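Here is a friendly walk through one structure, for someone meeting it for the first time. Have a look at the picture, then read on.

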Amino acid sequence: MNTVAAFYPVGTPGQPWGAPERAQWLERQVVQRSHADEVVARIDALRARFDVSQYGELDYPSGRYPLLAVRSRNWNDSLPVMLVTGGVHGYETSGVQGALQFIDQHAADYAGKCNLLVVPCVSPWGYERVQRWNALALDPNRSFVTNSPAPESAALMALVAPLKGQIVMHIDLHETTDTDETEFRPALAARDGKPFEPGEIPDGFYLVDDSENRQRAFQQAVNAEVAKVTHIAPADSRGEIIGSPVVAPGVIEYPLTALGLCASVSGARYTTTTEVYPDSPSATSEQCNDAQVAAIIGALEFALSNG
């Protein structure tokens with residue numbers, strides 16, 4: 001769909017934000033849901049079946065948040081490690097809830113086949129405020145870099161670092177929403193002092209491959225599983241999805257490491273970023289969660305079958 005946004009109501013057109021503008025933006029952020037109730041409580045309910053650890057804590061003036069990871073019980077160093085991350089962008093609900101649903105309903109199926117490491121909500125501050133950025137007005141999914149300025153990103157990188165070389169698959173769960181055009185991209189343009197150029201939101205599910213480590217068969221296997229649950233996004237009239245050429249049905253690609261994206265952190269052979277469209281008139285929130293679960297299963301099955 002096409003959407004048009006007015007000038008973002010923070011800052012001055014053409015001028016990057018300084019500290020006053022970031023403070024003004026922060027004042028606009030309001031808690032809309034509970035990380036403790038919707039995420040931590042659900043993770044706590046898994047402790048009888050899985051190992052749960054706190055790998056860090058966010059400490060913002062507006063609140064403290066535990067950073068939680070769920071691991072396979074009876075971790076076996078001889079087995080491959082499969083990494084699932086969700087909620088890097090806190091507003092992308094199905095990434096968080098889909099990861100939790102997968103653990104609850106399907107993770108036990110992989111006992112003895114692989115070691116699962118699942119981080120359902122990388123950005124709990126953003127989850128509560130339905131926000132793409134963190135409290136510093138930084139995008140965690142552009143901050144997976146050395147000496148990261150985003151504590152969410154730095155903590156996840158530290159968690160994953162000891163496992164590099166063992167991680168075979170990493171799937172990072174995201175959404176593309178109408179608010180990307182009405183809120184988040186306008187905010188980005190305003191923050192950086194650039195003009196906002198409206199884009200087009202695709203209707204359907206798609207994946208982001210790594211242009212430096214293309215794994216087309218893997219991407220197609222994931223999409224094939226998701227297609228059982230919801231529809232795959234078509235290319236637009238230019239043969240693109242969100243401004244990038246479609247390289248296979250429902251697949252675009254980015255240079256993950258150069259952009260500081262989460263899917264780059266593991267060094268895994270098989271990596272993908274999911275993108276669900278929760279605002280589609282043809283999909284419910286339950287279908288979006290199910291699509292994330294299907295994507296995880298498709299990714300795991302392919303990685304286990306192809307080493």
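## A first look around

Val 130 counts as partly exposed because its relative accessibility is 28%, where buried means under 20% relative accessible area, exposed over 50% and partly exposed in between (1.4 Å probe, protein chains only). Before going on, note that this is a predicted model, in which local features need pLDDT of at least 70 and side-chain atom pairs count only at pLDDT 80 or more, while totals for chains, interfaces and linings use all residues. Residues are numbered from 1 along each chain as its sequence is written, and side-chain values use heavy atoms, with hydrogens and water left out.

Back to Val 130: you'll find Val 130 in the loop between α4 (124-129) and α5 (151-160). Helices (H or I, at least four residues) and strands (E, at least two) are DSSP runs, numbered from the N terminus. The phi of Val 130 is near 50 degrees, a positive value in a residue other than glycine. Most residues other than glycine have a negative phi. Asn 74 also has a positive phi, near 60 degrees. Asn 74 sits in the loop between β2 and β3 and is exposed, with a relative accessible area of 68%.

## The sheet

Now for the strands. Eight of them make an open sheet with mixed pairing, in the order β1-β2-β4-β3-β5-β10-β6-β9. Two strands count as paired if DSSP finds at least two bridges between them. At the edges are β1 (51-60) and β9 (251-254), each pairing on one side only. On average, neighbouring strands of this sheet are turned by 20 degrees against each other, direction ignored.

Here are some of the pairs, each with a pair of residues that stand opposite one another.

| Strands | Sense | Bridges | Opposite residues |
|---|---|---|---|
| β1 and β2 | antiparallel | nine bridges | Leu 58 and Tyr 65 |
| β2 and β4 | antiparallel | two bridges | Val 70 and Val 118 |
| β3 and β4 | parallel | five bridges | Thr 85 and Val 119 |
| β6 and β9 | parallel | four bridges | Asp 209 and Glu 253 |

β1 and β2 also form a hairpin, with two residues between them.

How many of the residues of β3 are buried? Six of the six are, so β3 is largely enclosed by the rest of the structure. In a regular strand the side chains alternate between the two faces of the sheet. In β3 both faces are covered: Val 81, Leu 83 and Thr 85 are buried on one side, and Met 82, Val 84 and Gly 86 are buried on the other.

## Helices on the sheet

Helix α7 (residues 216-226) lies across β5 (167-175), β6, β9 and β10 (270-276), and runs at about 165 degrees to β6. Helix α9 (residues 285-306) packs on the sheet too, touching β3 (81-86), β4 (115-119), β5 and β10, with its direction at about 165 degrees to that of β5. Contact here means heavy atoms within 4.5 Å. Axes are lines fitted to C-alpha atoms, for helices over the stretch in contact, and angles run from 0 to 180 degrees between N-to-C directions.

How do these two helices meet? α7 and α9 pack at an angle of about 140 degrees, with their axes 8 Å apart. That makes α7 oblique to α9, since angles under 35 degrees count as roughly parallel, over 145 as roughly antiparallel, 65 to 115 as roughly perpendicular and the rest as oblique. Among the residues that meet are Phe 218 and Val 222 in α7, and Ala 295 and Phe 302 in α9.

Just past α7, Val 229 lies in the loop between α7 and β7 (240-241). Val 229 is partly exposed, at 26% relative accessibility. Leaving aside residues up to four places away in sequence, Val 229 touches Gln 287, Asp 290, Ala 291 and Ala 294.

## Another helix pair

Helix α2 (residues 35-44) and helix α3 (residues 93-106) pack at an angle of about 15 degrees, their axes 11 Å apart. That makes α2 roughly parallel to α3. Glu 38, Val 39, Arg 42 and Ile 43 in α2 meet Val 96, Gln 97, Leu 100 and Gln 101 in α3.
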